[in-house]
Amino acid sequence: MSETVLNQANGPDAPVTAPAEAKKDSALWREIKGIFWVLVAVLLFHSLVAKPFYIPSESMMPGLLKGDRLVVSKYAYGWSWVSPSFHLWPEQKGRLWGSLPKAGDVVIVTPPGLREDYIKRVIGLPGDTVEVRGGRLILNGVPVRQQRLPDRMVPVDDNAPCGVEQFAGRLVQQPGGGFACSLPIVRETLPNGAVYDTVDLGQSIGDDYPPVKVPADHVFLMGDNRDRSADSRFALGPVENGLGGPVPWENIGGRAEFITFSLDGSASWWNPISWLTSLRGGRAGTSLRSGV
């Protein structure tokens, strides 16, 4: 009876705001929690399983072009301090369930003392002696087998302009009227059977590197574009931007698996049509494994 009188006193149109506001707050909180757990799941996947990677330079030509997007597996060699996507952990020795990469693997690596990622090829493993003499790679005192291939014509675009600083004298006009970068290709075969193509542009500062024995739990890394790659042959720091010699294995962040898609650099964020027209044909799905 008292409840009926109370409702009548408030009137049939009296607002009932508290329960409605509570429902809105509850729904908003559920949305926030849902978004939070989605972000956590994405970060865990990127840190522990696989993540996308963007090729920012020409150092891994001819196999990888600036503008390529690829998948990097994070579990291939176990996990270390560089595994989290944003490298928030302090540098630590060792790996969890770790294993060394194979010679010929393409890996992402964080240079000692830095927080950015490079992408290079594994050339030397612990115990190997690595030397470069006159541009020729020498492993354990034996020159690596090489085969000179015909020049490779890489179509010129905004992400592969064939600029004079990088590829002087290499710009050629194709029969169809377009332009291409004519790259001299040398195919190398490592002692374990890994096969890959490199670019040899001629004499450069990296063509001679004294013999260095790779220490335990380290790897020696080089770019495939041998004359335009800051890698283990070059010192750390802003001058040479290299890796400072063999790199600790815990600085390896994962193995490059395959190209997902590639962009020629002509896309504009405000023009969705250009997102499609900027796609390079024939690169999606290309494997980056050396076949070993």
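Here are some short exercises on this predicted model, each with a worked solution.

**Exercise 1. Trace the open sheet and find which strands stand at its edges.**

Start with the strand order. Seven strands form the open sheet, running β1-β2-β15-β3-β4-β13-β14 with antiparallel pairing. Next, look at the two ends of that order: β1 (50–54) and β14 (247–248) each have a single partner strand, so one side of each lacks a neighbour in the sheet. Now take the β1 end. Five bridges join β1 to β2 (residues 68–73) in the antiparallel sense, and in this pairing Lys 51 stands opposite Val 72 of β2.

**Exercise 2. Work out how β3 is paired and where its side chains point.**

Begin with one partner: four bridges pair β3 with β4, antiparallel, and Val 109 stands opposite Tyr 118 of β4. Then turn to β15 (residues 252–262), which pairs with β3 over three bridges, again antiparallel. Here Ile 108 stands opposite Gly 254. Finally, follow the side chains along β3 (residues 106–109). Val 106 and Ile 108 point one way, Val 107 and Val 109 point the other way, and all of them are buried.

**Exercise 3. Decide whether Arg 121 is buried or exposed, and describe its surroundings.**

First, place the residue: Arg 121 belongs to β4 (residues 118–124). Second, apply the cut-off. Buried means under 20% relative accessible area, and Arg 121 has 8% relative accessibility, so it counts as buried. Third, look for a polar partner: the Arg 121 side chain reaches the backbone oxygen of Gly 104 at 2.7 Å. Fourth, list contacts beyond four places in sequence; among them are Met 60, Asp 105, Val 106, Tyr 196, Phe 220, Asp 224 and Ser 290.

**Exercise 4. Find the largest nonpolar core and the residues that touch the most other members.**

A general point helps to set the scene: in soluble globular proteins, nonpolar side chains tend to be buried together. In this model the largest nonpolar core has 14 residues, and those touching the most other members are Ile 123, Val 130, Leu 137, Leu 139, Leu 190, Phe 220 and Met 222. Then ask which elements give two or more residues to this core: they are β5 (129–133), β6 (136–139) and β13 (218–222). Take Phe 220 as a case to inspect. Leaving aside neighbours within four places in sequence, its contacts include Arg 121, Ile 123, Val 130, Tyr 209, Val 214 and Pro 246. To finish, look for a second, separate core: this one has 12 residues, including Phe 53, Val 72, Val 106 and Ile 119.

**Exercise 5. Locate the disulfide and determine its handedness.**

The structure holds one disulfide. Its partners are Cys 162 and Cys 181, with sulfur atoms 2.0 Å apart. The S-S torsion of this pair is about 75°, so the disulfide is right-handed. As for position, Cys 162 sits in the loop between β8 (145–155) and α3 (164–167), while Cys 181 lies in β10 (residues 179–189), 19 residues apart. Both cysteines, Cys 162 and Cys 181, are buried.

**Exercise 6. Set the UniProt transmembrane region beside the model.**

An unreviewed UniProt entry lists residues 34–54 as "transmembrane region". In the model, that span is 71% helix and 24% strand, and its end C-alpha atoms lie 29 Å apart.

Technical notes. Residues numbered from 1 in each chain as written. Predicted model: local features only at pLDDT ≥ 70, side-chain atom pairs only at ≥ 80, totals over all residues. Heavy atoms only, no water. Pairing = 2+ DSSP bridges. Disulfide = S-S within 2.5 Å. Buried < 20%, exposed > 50% of the residue type's maximum accessible area, 1.4 Å probe, protein only. Polar contact = N/O pair within 3.5 Å; in protein donor to acceptor, adjacent residues only side chain to side chain. Contact = heavy atoms within 4.5 Å. UniProt positions renumbered as here; feature names shortened; annotations may be inferred. Core = buried A, V, L, I, M, F, W, Y, C linked by side-chain atoms within 4.5 Å.
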